[in-house]
Amino acid sequence: MNTKDVCILGIESSCDETAASVVKNGREVLSNVISSQIAIHTEYGGVVPEIASRKHIENINFVIKKALSDADKTWDDIDAIAVTYGPGLVGALLVGVSEAKALAFALDKPLIGVHHIEGHISANFVENKELEPPFLCLVVSGGHTHLVIVKDYGKYELIGRTRDDAAGEAFDKVARSIGLGYPGGPKVDKLAKEGNPEAIEFPRASVRDSEYDFSFSGLKSAVLNYLNQCEMKNIEVNKADVAASFQKAVVDVLVDHSMKAVENYGFDKIAIAGGVASNSAIREAFSKECAKRNITFYHPSPIFCTDNAVMIASAAYYEYLNGVTHGYDLNAVPNLRLGERI
Ligand code: KG4
Ligand code: ZN
């Protein structure tokens with residue numbers, strides 16, 4: 001039994017958020033600092049990797065300093081340095097990884113590399129103290145759509161994944177096509193509240209021979225075709241109806257696959273994670289379907305769904321307890337697979 005408190009500094013820089021946080025015993029948030037670059041990338045309609053790396057390198061020391069001072073901690077109180085080392089944009093990851101290695105080396109503290117998606121899943125531990133593996137988790141982010149069995153801390157089985165676009169990518173592309181700008185997810189979510197989800201019949205794709213896999217590229221094309229046809233026929237597009245009908249098509253598939261998996265595997269709890277998990281229609285649909293089946297539904301607050309470093313420090317805590325640390329040869333791994341340890 002571990003009786004000493006463990007404080008971990010988490011660092012996250014895999015995409016367009018520079019984030020640092022201090023988390024006690026994996027579940028108690030002492031600080032959560034996020035410096036978002038969204039305003040800069042909005043000008044370009046999406047994340048520009050080189051700009052992201054440059055902004056991370058400008059901001060990272062300030063963000064870490066603030067995470068320590070918000071937590072009212074000094075370096076002496078920190079037991080380990082954790083950092084996202086993949087998957088993500090290589091240049092962006094390298095900034096966080098280099099920073100974490102320099103800190104671990106200079107301060108002579110353990111270094112723990114964390115998988116970004118394992119971090120997203122762990123965000124559920126922070127506000128749900130009673131949640132323990134095993135459980136099923138749907139991870140929906142800008143780059144991933146994964147249905148995962150969390151067998152134990154640090155042990156995952158991927159049972160379903162997208163064959164093409166990630167759910168967040170589909171939100172972002174559809175948002176762009178109806179002129180909402182970047183990042184599209186929250187904008188579609190907001191506009192959809194004013195639209196009719198039954199107005200347009202968009203496809204709900206299933207993948208043959210793989211009941212838990214997803215495919216969103218057909219849906220994205222169907223939205224683009226619908227918009228083109230309206231233009232050709234000179235019909236005015238009701239953007240709110242497009243947003244609501246598209247969102248409903250995504251939600252239906254996510255809920256359908258997740259409920260099938262939870263029933264087939266016999267779980268009594270399911271969690272959702274990743275930026276898209278902050279979507280209001282997804283949360284509503286999961287709450288309803290889980291209540292019908294007597295399944296407990298877990299979801300992080302929106303601030304812990306999108307990229308943050310609390311989730312990285314939380315995931316690292318369980319690695320720390322298991323004695324998993326990395327050497328000074330830790331590198332960024334842009335295509336790191338779930339459950340893989342490099
Ligand atoms: O997890 P995340 O912050 O970064 C990645 O690891 O990719 O996810 C970002 C994605 C973006 O595609 C964004 O549009 C989407 O999450 N997103 C949403 C919402 N908030 C963020 N999608 C739908 N509804 C939302 N409310
Ligand atoms: Zn993420």
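The following legends describe close-up views of a predicted model. Local features require pLDDT of at least 70 and side-chain atom pairs count only at pLDDT 80 or more, whereas totals for chains, interfaces and linings use all residues; side-chain values use heavy atoms, without hydrogens and water. Residues are numbered from 1 along each chain as its sequence is written, and chains are lettered from A and ligands numbered from 1 in the order in which they are written.

**View 1. Coordination of the zinc ion (ligand 2) by H116, H120 and D307.** The donors (N, O and S atoms within 2.8 Å of the metal, or 3.2 Å for Na, K and Ca; water is not among the atoms, so sites may look incomplete) are NE2 of H116, NE2 of H120 and OD of D307, at 2.0 to 2.1 Å. Along the chain their spacing is H-x3-H-x186-D.

**View 2. The two histidines in helix α4.** Helix α4 spans residues 116-127 (helices, H or I, of at least four residues and strands, E, of at least two are DSSP runs numbered from the N terminus). H116 and H120 lie four residues apart, about one turn of the helix, and both are buried (under 20% relative accessible area; exposed is over 50%, partly exposed in between; 1.4 Å probe, protein chains only).

**View 3. An open sheet of five strands with mixed pairing.** The strand order is β8-β7-β6-β9-β10 (two strands pair if DSSP finds at least two bridges between them). At the edges, β8 (155-161) and β10 (296-298) each pair on one side only. Strand β7 (residues 145-152) runs antiparallel to β8, joined by six bridges; I149 has E157 of β8 as its bridge partner.

**View 4. Packing of α4 on the sheet.** Helix α4 touches β6 (135-140), β7, β8, β9 (269-273) and β10 (contact: heavy atoms within 4.5 Å). The direction of α4 makes about 120° with that of β6 (axes are lines fitted to C-alpha atoms, for helices over the stretch in contact, with angles from 0 to 180 degrees between N-to-C directions).
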